Each structure stands twice: as C-alpha cells, then as structure tokens.
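Q: I should like to learn how to read a structure that is new to me. Where might we begin?

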Amino acid sequence: MCGRYAASRRPEDLAGIFEIEKWEPEETLAPDFNVAPTKEVYAVLDRPVKDADDRRPVRQLRALKWGLVPSWAKSPEGGARMINARAETVHEKPSYRRAFAARRCILPADGYYEWVTARDERELEVEGKKKRARKQPYFVLPADGSVFAMAGLYEFWRDGTLPDDHPRAWWVTCSVITTEAETTPLAVAPADGPHALADIHPRMPLMLTPDRWDAWLDPARTDLDELRSLLDAPPAGLMRAYPVSTAVSNVRNNGPELLKELEGPEEGTLF
C-alpha cells in the first residue's frame with residue numbers, strides 16, 4: 001500500500017522533469033517529508049485549460065487532495081479511506097473505473113515509507129502478549145535518485161451545499177494505484193534488513209517509468225485493454241530501501257531529517 005510518502009521537489013524542478021506547460025503559483029506547496037492522507041499533493045495531468053478556446057490537453061501541475069472522492073458520492077467523508085486503488089481491480093471498481101478510463105495522473109514523490117514489524121514483535125502479537133507491535137519504518141526510493149512517479153487517478157466532486165462561485169464548491173481529489181510488491185532483490189538493500197520490497201510489505205505504489213508517462217496521462221486513451229497494459233510492474237532492480245527514524249510514524253513530524261538513513265533498525269525494531 002501507500003499510506004505516507006515524501007515529496008520535496010520544487011514545482012520548477014517538476015516542470016522540467018515532466019515538461020509541464022501550466023502551473024499556478026498560488027498552488028505552490030511547501031516541501032513535505034511526511035505526506036499523509038487528506039493533505040494537498042502535487043499531481044501531473046493532461047487536461048484542457050479551463051475556459052480556454054483551445055481544448056487540447058495541456059500538461060499541468062496541480063495541487064490535489066489525497067483521498068479520492070467519487071463524483072457520485074453524497075459527501076466527501078470517505079475520501080481519507082480511498083487513498084489507494086489496486087491495479088488488479090481499478091478498471092472495474094465503481095469508485096475508480098471512470099477515473100481510470102479518463103482521469104489518470106502522476107503523483108511525483110521522492111519515495112514512500114513502509115513499516116516492518118520485527119519477527120520477535122510479531123510473535124508476541126500473535127501470542128497475545130503484546131497488543132501493538134513496534135514497527136521499523138523504511139524509506140523506499142529509486143536507486144538512481146530520480147523522481148518516484150506514482151501512477152494515480154483524480155476525480156471531481158461537487159459540493160451541492162455551496163453556490164457555484166464558492167471557492168470550495170468543487171473538490172479535486174486523487175488516489176495512488178498500488179500493485180504487488182517486487183520479490184526480486186533490491187538494487188541496494190540494507191545489510192541487516194529486508195532484501196526485497198515484498199519483505200517490507202506485500203503491496204507497493206505502481207511506479208511509472210518515463211517511457212509510460214505520455215501514454216498514461218493521455219486522456220484520449222480510453223481502451224481498457226490498452227490501459228491495463230500500462231499497469232504492468234516496472235523492471236525489477238530499480239529500487240532501494242533503508243531504515244529511517246520512527247519519528248516519521250508521527251504525522252506531526254516533518255523535515256528532511258526524516259529521510260536520514262540509519263545504520264540499522266532502531267533498538268527494539270530489528271528486522
């Protein structure tokens with residue numbers, strides 16, 4: 001799954017990476033090293049510019065709320081639970097299928113966090129001797145330091161309680177698509193820790209390599225079989241993972257120190 005990630009690149013940098021044609025300075029977000037559900041996040045999308053005469057899709061960088069609210073939802077309350085869409089079923093689930101067909105985006109990140117429960121802690125939890133095991137967080141990122149381009153979906157929701165000209169009349173929300181975690185060895189693995197992403201968690205965000213970006217973002221592509229082929233896992237051996245401080249487990253903590261690599265898991269959280 002993807003429940004927390006880091007996104008520190010500036011919009012100017014993202015504009016160059018993704019060949020952005022339009023972004024609004026008022027939507028500029030501060031670097032966020034502990035992105036949690038319901039926060040605003042950057043999304044790259046191809047869409048005609050509102051009220052423009054030219055209706056061609058334009059590559060835009062937008063700030064969206066993480067937690068998808070379907071257009072037919074009666075309220076936005078369920079958005080916080082819809083932060084992930086499974087690649088295996090995204091084309092058929094009522095909450096995601098319309099967005100999958102026409103509103104796909106890329107959510108740029110430095111990498112994502114995932115938590116591992118130590119073997120000893122798991123055993124105590126199973127035996128009922130410990131109610132909540134202590135987990136070691138790991139940061140997962142491209143081994144070459146490039147942007148982690150997560151496949152995503154976005155959706156529009158109209159708040160019927162507000163007038164049309166109200167600034168919050170329309171919500172634009174998004175979700176990260178996840179897939180089965182790689183079982184192949186990491187490009188760079190910690191000496192004392194997991195050696196594959198599947199050792200950390202059975203799911204991972206679907207990373208799109210640059211050769212798929214244009215096809216994924218193109219709203220004219222609506223053939224489901226063609227779109228589903230874009231959900232194939234990226235080539236193996238592109239990722240690395242390393243342990244980070246358990247401070248990231250508290251959403252109130254934020255800063256580049258959360259990405260600092262530890263020499264090994266913190267005491268009491270051995271892999």
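**A buried glutamine, a core and a pocket**

A: Leaving aside residues up to four places away in sequence, Gln60 touches Ile20, Lys22, Ala43, Val44, Leu45, Arg47, Pro48 and Val49, where contact means heavy atoms within 4.5 Å. This is a predicted model, in which local features need pLDDT of at least 70 and side-chain atom pairs count only at pLDDT 80 or more, while totals for chains, interfaces and linings use all residues. Residues are numbered from 1 along each chain as its sequence is written, and side-chain values use heavy atoms, with hydrogens and water left out.

Q: Is Gln60 buried or exposed?

A: Buried means under 20% relative accessible area, exposed over 50%, partly exposed in between (1.4 Å probe, protein chains only). Gln60 counts as buried because its relative accessibility is 6%. Its side chain reaches the backbone oxygen of Arg47 at 2.7 Å.

Q: Which residues touch the most other members of the largest nonpolar core?

A: A nonpolar core is a set of buried Ala, Val, Leu, Ile, Met, Phe, Trp, Tyr and Cys residues joined through side-chain atoms within 4.5 Å. Here the largest has 32 residues, and Phe18, Val90, Ile106, Leu153, Ile177, Trp216 and Leu231 touch the most other members. Leu231 touches residues including Val90, Ile177 and Trp216, not counting residues up to four places away in sequence.

Q: How is empty space found, and which residues are the closest to the centre of the largest pocket?

A: Rolling a probe the size of a water molecule over the atoms shows where empty space is left. On a 1 Å grid over the protein atoms alone, a pocket is an open set of points where a 1.4 Å probe fits, with protein on both sides within 12 Å along at least five of seven lines; lining residues have an atom within 4 Å of a point. Of the 24 lining residues of the largest pocket, Glu27, Arg62, Phe156, Trp170 and Val172 are the closest to its centre.

How values were computed. Polar contact = N/O pair within 3.5 Å; in protein donor to acceptor, adjacent residues only side chain to side chain.
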